[in-house]
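Q: Could you take me through this structure feature by feature, giving the general idea before the particular case?

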Amino acid sequence: MRNAKRALALVTAGAFALGGLAACGNDDEGGSGDAADGSVYFLNWKPESEETYNEIAAAYTEETGVPVKVVTAASGTYEQTLKSEVTKSDAPTLFQINGPMGLKNWQSYALELDDTDFAKDLNDPGLALKGEDGKVYGVPVAVEGYGLIYNQAIMEDYFAMDGAKATSMDEIADFETFKSVVEDMQARADELGIDGVFAATSLATGEEWRWQTHLANIPVYWEYQDDDVTDKEEIEFTYSDNYRNILDLYLENSTVEPALTPSKTVTDSMQEFATGKVAMVQNGNWAWSQIKDIEGNVVAEEDIKFMPIYTGVDGEESKGINIGTEAFMAVNARASEADQQATIDFVNWLFSSEAGMTYVTEDLGFIAPFRSFGDSTPNDPLAVEINRYMTDPDLEPIPWVFTTFPSQAFKEDFGQALAQYASGNVEWNEVVDTFVNSWAREKANLG
């Protein structure tokens, strides 16, 4: 476990290391052939970034004359969309792979990237996605983090109340304390002027990724720690009760009745937070655009903060938010040489040119893991919070182990079970059985 923790520390520290500007241009060593006749087709992973990527594509085409097409997969459908698109004559030239499990599925479509400028420019080479041959087939687009986003102004209003269960956020460092604060706040929702402590839990099909993936990361992380492993063919879901602790807290102290959550989306919950109807919402730094761009947003930037997700595990008081990387850029190995070179040139431009880096930092809000960015990181409140947690010597980030989850089918099975549980149609033990059995089945299918 010490080695695993040390590796995480090196990865997170490396993502913020300072460095010089990477080379950029059309003579990239990683491509072959002339890019003059090539074009780029980027299949985008994040729906919330669609508008920005379209702007980036237009700017690059205007500057270089190279056509760039952006197609954005609907939430929760990326894998299916990619499977459909790669079979077409006009297939994506740039796509994203979901960590080690994703690479197993897409290895034959991924071009070796070791000699590309952007791969060489990684702050920490260990961040690259490598195959069993040790070669690089994917490069991360960003280091990201997620936890509980809270409205400091609402929390301060609560702390000032007579009989409050805490007087500052510093006193909340474990599930027991957090639960007492949340339930007391819910009881005083009218006095606080909110509809609930938490935004609605989004369990609509395709919208449940915050729970079947991000929240599930925590119990799986603790199980891996206990067993001193980084993956398992069979999972016991040892910390299922801890998962249920926080899920029940969300369901019972939010804006809607639990049975209505299978109809709720991420957009619904982010709108509730942005308009001041709730004190907290579980999400990541990518949610900044969803907060600031929502009509009727009333939350001041200085009041937007992160806190860890507590579930009642011994030792959680020393843990911070969840920090890692999931989406790795891959270039289509089956595209023409001209399209491959055009795509490599586009990625180089995005992550090393002044114009591209401005889009990455200011518009996409990415904490980019490349030396070319130096100390240029987003200044939005959630990115600032991630930096605060990554540099806090007293808190250790929880790494993203969900990149080892066996498949999208597993996540969907678990998500559907969660929706049934919230609706009151199944008992918790049935949810646990679904998690354990689907994990084993999908891991076996990989073999």
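The dialogue below takes up cavities, helix packing, single residues and backbone angles in turn.

Q: What kind of model is this?

A: This is a predicted model, and the values discussed here are to be read with that in mind.

Q: How should I read enclosed space, and how many cavities of 30 Å³ or more does a search of the whole structure find?

A: Rolling a probe the size of a water molecule over the atoms shows where empty space is left. In this case the search of the whole structure finds 5 cavities of 30 Å³ or more, and the largest cavity holds about 60 Å³ of space.

Q: Which residues line the largest cavity, and which element supplies the largest share of that lining?

A: The lining of the largest cavity is formed by Phe42, Tyr53, Leu94, Gln96, Val141, Met329, Phe346, Val347, Leu350 and Phe351. Two elements, β3 (94–98) and α14 (337–352), each supply at least two residues of this lining, and the largest share, 4 residues, comes from α14.

Q: What is the make-up of that lining by class?

A: The lining of the largest cavity has 9 nonpolar residues and 1 polar residue, with no charged residues.

Q: How is the packing of two helices described, and at what angle do α17 and α18 pack?

A: Two packed helices are described by the angle between their axes and the distance between the axes. Helix α17 (residues 408–422) packs against helix α18 (residues 428–446) at an angle of about 175°, with the axes 9 Å apart. Angles over 145 degrees count as roughly antiparallel, and α17 is therefore roughly antiparallel to α18.

Q: Which residues make the contact between α17 and α18?

A: From α17 come Ala409, Phe410, Asp413, Phe414, Ala417, Leu418 and Tyr421, while α18 contributes Trp428, Val431, Thr434, Phe435, Ser438, Trp439, Arg441 and Glu442. Sorted by class, the contact of α17 with α18 has 10 nonpolar, 2 polar and 3 charged residues.

Q: At roughly what angle do the axes of α6 and α7 cross?

A: The axes of helix α6 (residues 152–159) and α7 cross at roughly 85° and come within 11 Å. Since angles of 65 to 115 degrees count as roughly perpendicular, α6 is roughly perpendicular to α7. In this pair, Ile154, Met155 and Tyr158 of α6 meet Val181, Asp184 and Met185 of α7, a contact that by class has 5 nonpolar residues, no polar residues and 1 charged residue.

Q: Turning to single residues, where does Phe175 lie, and is Phe175 buried or exposed?

A: Phe175 lies in helix α7 (residues 175–187). Its relative accessible area is 9%, and because buried means under 20%, Phe175 counts as buried. Leaving aside neighbours within four places in sequence, Phe175 is in contact with Asn245, Ile246, Leu249, Tyr310, Thr311, Gly312 and Glu316. The C-alpha atoms of Phe175 and Ile309 are separated by 8.3 Å, although these residues are 134 residues apart along the chain.

Q: What can be said of Thr361 and Asp363 in terms of accessible area?

A: Thr361 has its place in helix α15 (residues 354–363), and Asp363 has its place in helix α15 too. Thr361 is buried, with a relative accessible area of 9%, whereas Asp363 is partly exposed, with a relative accessible area of 37%. Not counting residues up to four places away in sequence, Thr361 touches Phe366, Phe373, Ser376, Thr377 and Pro378. With residues up to four places away likewise left out, Asp363 touches Thr52 and Thr358.

Q: Where does Gln225 lie, and is Gln225 buried or exposed?

A: Gln225 lies in helix α10 (residues 217–227) and is buried, with a relative accessible area of 9%. Between the C-alpha atoms of Gln225 and Val432, 207 residues apart along the chain, the separation is 20 Å.

Q: How should I read the sign of phi, and what is phi of Asp228 and of Phe237?

A: Most residues other than glycine have a negative phi, and most peptide bonds are trans. Phi of Asp228 is near 55°, a positive value in a residue other than glycine, and phi of Phe237 is likewise positive, near 55°.

Q: Where do Asp228 and Phe237 lie, and is each of them buried or exposed?

A: Asp228 lies in the loop between α10 and α11 (240–252), and Phe237 also lies in the loop between α10 and α11. Asp228 counts as exposed at 53% relative accessibility, whereas Phe237, at 3% relative accessibility, counts as buried.

Methods:
Residues are numbered from 1 along each chain as its sequence is written. This is a predicted model: local features need pLDDT of at least 70, side-chain atom pairs count only at pLDDT 80 or more; totals for chains, interfaces and linings use all residues. Side-chain values use heavy atoms; hydrogens and water are left out. On a 1 Å grid over the protein atoms alone, a cavity is a set of points where a 1.4 Å probe fits but cannot get out, and a pocket is an open set with protein on both sides within 12 Å along at least five of seven lines; lining residues have an atom within 4 Å of a point. Grid points are joined across faces, edges and corners, and a volume is the space filled by probe spheres set on the points. Ala, Val, Leu, Ile, Met, Phe, Trp, Tyr, Cys and Pro count as nonpolar, Asp, Glu, Lys and Arg as charged, and the others, Gly among them, as polar. Axes are lines fitted to C-alpha atoms, for helices over the stretch in contact, and angles run from 0 to 180 degrees between N-to-C directions. Angles under 35 degrees count as roughly parallel, over 145 as roughly antiparallel, 65 to 115 as roughly perpendicular and the rest as oblique. Contact means heavy atoms within 4.5 Å. Buried means under 20% relative accessible area, exposed over 50%, partly exposed in between (1.4 Å probe, protein chains only).
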